[in-house]
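Please open the structure in a viewer and keep the selection panel at hand. The tour below proceeds one selection at a time.

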Amino acid sequence: MVNSPESPRQNQRQELDLTSLSASGGEPVQWLISEAPVPYPDAVAAMEARVAAIAAGESPELVWLLEHPPLYTSGTSGKESDLLDARFPTFATGRGGQLTYHGPGQRVAYVMLDLKRRRPDVRAYVAGLEELILRTLAAFNVRGERREDRVGVWVRRPDKGTDHEDKIAAIGVRLKRWVSFHGIAINVEPELSHFSGIVPCGVADPRYGVTSLVDLGQLVTMADVDIALRQAFEELFGPTTALVPEAAV
């Protein structure tokens with residue numbers, strides 16, 4: 001699942017009890033899919049409001065699946081030098097990580113969970129999101145792997161050369177009063193050339209690129225990925241209940 005059987009990063013993840021991420025009792029996590037692309041500032045404002053409501057006990061937890069128009073975001077570790085070509089709007093954001101691209105064909109999942117009710121452990125939560133991605137990819141016979149020195153989820157590309165790997169999914173999270181937001185992004189069928197305007201997540205080594213499920217030959221739709229994602233989420237985090245499309249966040 002990771003670098004090798006003796007990988008320190010693999011052993012570290014195996015020591016974490018991911019079953020503890022499932023909340024006991026309470027309402028199912030609401031599951032919302034937005035059909036139209038959502039502008040990034042609108043998404044952040046909606047997340048901020050929902051996180052405050054969850055923390056106050058006024059709203060249930062939520063997973064929000066969406067796509068953005070083409071844009072770049074810069075996390076708390078972002079560097080101006082990693083923006084190579086500002087062809088799309090760039091937004092500074094409070095999530096962890098560096099520069100990344102969002103756009104059509106990429107499934108973004110904003111995960112808003114009350115970790116006080118689950119497990120107030122950031123490391124375990126991030127490991128849970130990594131596992132969520134790995135299980136989703138596995139549903140399409142794609143083996144994603146974690147790397148100690150590189151964030152996100154990677155796939156080996158021996159067809160491109162020795163030690164070549166491509167990133168297929170990104171993770172960036174933020175917590176407020178132990179409620180999570182931001183989340184993950186899985187490349188289903190985005191325009192991969194759009195990543196060339198940045199140094200994705202600060203990784204400049206030419207052996208490491210970007211890929212997608214379709215680029216790997218998996219002819220899947222966004223709806224296919226959503227089904228696999230929801231199943232994997234319920235295995236790790238517990239039951240969900242679907243909201244009608246475009247319900248208020």
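Which residues of β2 are buried on one side, and which on the other? The model to be inspected is a predicted one. Select β2, residues 62–66, and display its side chains. L62, W64 and L66 are buried on one side, and V63 and L65 are buried on the other, with the result that both faces of the strand are covered. In total, five of the five residues of β2 are buried. In a regular strand, side chains point alternately to the two faces of the sheet.

Next, add β1, residues 29–33. The strands β1 and β2 run parallel and are joined by four bridges. To find one of these pairings, centre on L32, whose bridge partner in β2 is W64.

**The nonpolar cores**

Now turn to the interior. The largest nonpolar core has 38 residues, and L129, I184 and F233 are those with the most contacts inside it. To see where this core comes from, select β1, β2, β6 (106–112), α4 (122–138), β8 (150–156), β9, β10 (179–187) and α5 (222–237), each of which supplies at least two of its residues. Colour α5 separately: this helix gives the most to the core, with eight residues. In soluble globular proteins, nonpolar side chains tend to be buried together.

Centre on F233 and show its surroundings. Leaving aside residues up to four places away in sequence, F233 touches V29, W31, V63, V111, L113, L132, G238 and T240. A second, separate core of 20 residues can then be selected; M47, L62, M112 and V179 are among its members.

**V173 and its neighbours**

Move to β9, residues 165–176, and pick V173 within it. Is V173 buried or exposed? Its relative accessibility is 18%, and because the limit for burial is under 20%, V173 counts as buried. Beyond residues up to four places away in sequence, the contacts of V173 are R95, G96, Y125, V126, L129, F181, H182 and G183. For a distance check, select I186, which lies 13 residues from V173 along the chain; their C-alpha atoms are separated by 15 Å.

**Two positive phi values**

Most residues other than glycine have a negative phi. Two residues to inspect in this respect are W178 and H182. W178 is in the loop between β9 and β10, and its phi is positive, near 65°. With a relative accessible area of 34%, W178 is partly exposed. H182, by contrast, belongs to strand β10; its phi is near 60°, again a positive value in a residue other than glycine. At 2% relative accessibility, H182 is buried. H182 is also one of the residues that V173 touches.

**The cavities**

Switch on a cavity display. How many cavities of 30 Å³ or more does a search of the whole structure find? There are two, and the largest has a volume of about 170 Å³. Its lining consists of 18 residues, of which R95, T100, H102, I171 and G172 lie nearest its centre. Two or more lining residues come from each of β5, β6, β9 and β10. Of the elements, β10 gives the most to this lining, with four residues.

**A three-stranded sheet**

Select β3, β4 and β5. These three strands form an open sheet of mixed pairing, in the order β4-β3-β5. The edge strands are β4 (90–92) and β5 (99–102), each pairing on one side only. From one strand to the next, the twist averages 25°. Within this sheet, β3 (residues 71–74) runs parallel to β4, and three bridges join them. Centre on S74 to find A92 of β4 standing opposite.

**V210**

For the last stop, select β11, residues 208–210, and centre on V210. This residue is buried, with a relative accessible area of 17%. Apart from residues up to four places away in sequence, V210 touches D166, K167, N187, L192, F195 and P200. Finally, select A232: V210 and A232 are 22 residues apart in sequence, and their C-alpha atoms are 23 Å apart in space.

How values were computed:
Residues numbered from 1 in each chain as written. Predicted model: local features only at pLDDT ≥ 70, side-chain atom pairs only at ≥ 80, totals over all residues. Heavy atoms only, no water. Pairing = 2+ DSSP bridges. Axes fitted to C-alpha atoms, helices over the stretch in contact; angles between N-to-C directions. Buried < 20%, exposed > 50% of the residue type's maximum accessible area, 1.4 Å probe, protein only. Contact = heavy atoms within 4.5 Å. Core = buried A, V, L, I, M, F, W, Y, C linked by side-chain atoms within 4.5 Å. 1 Å grid on protein atoms, 1.4 Å probe; cavity = no way out; pocket = protein on both sides within 12 Å on 5 of 7 lines; lining within 4 Å. Points joined across faces, edges and corners; volume = space filled by probe spheres on them.
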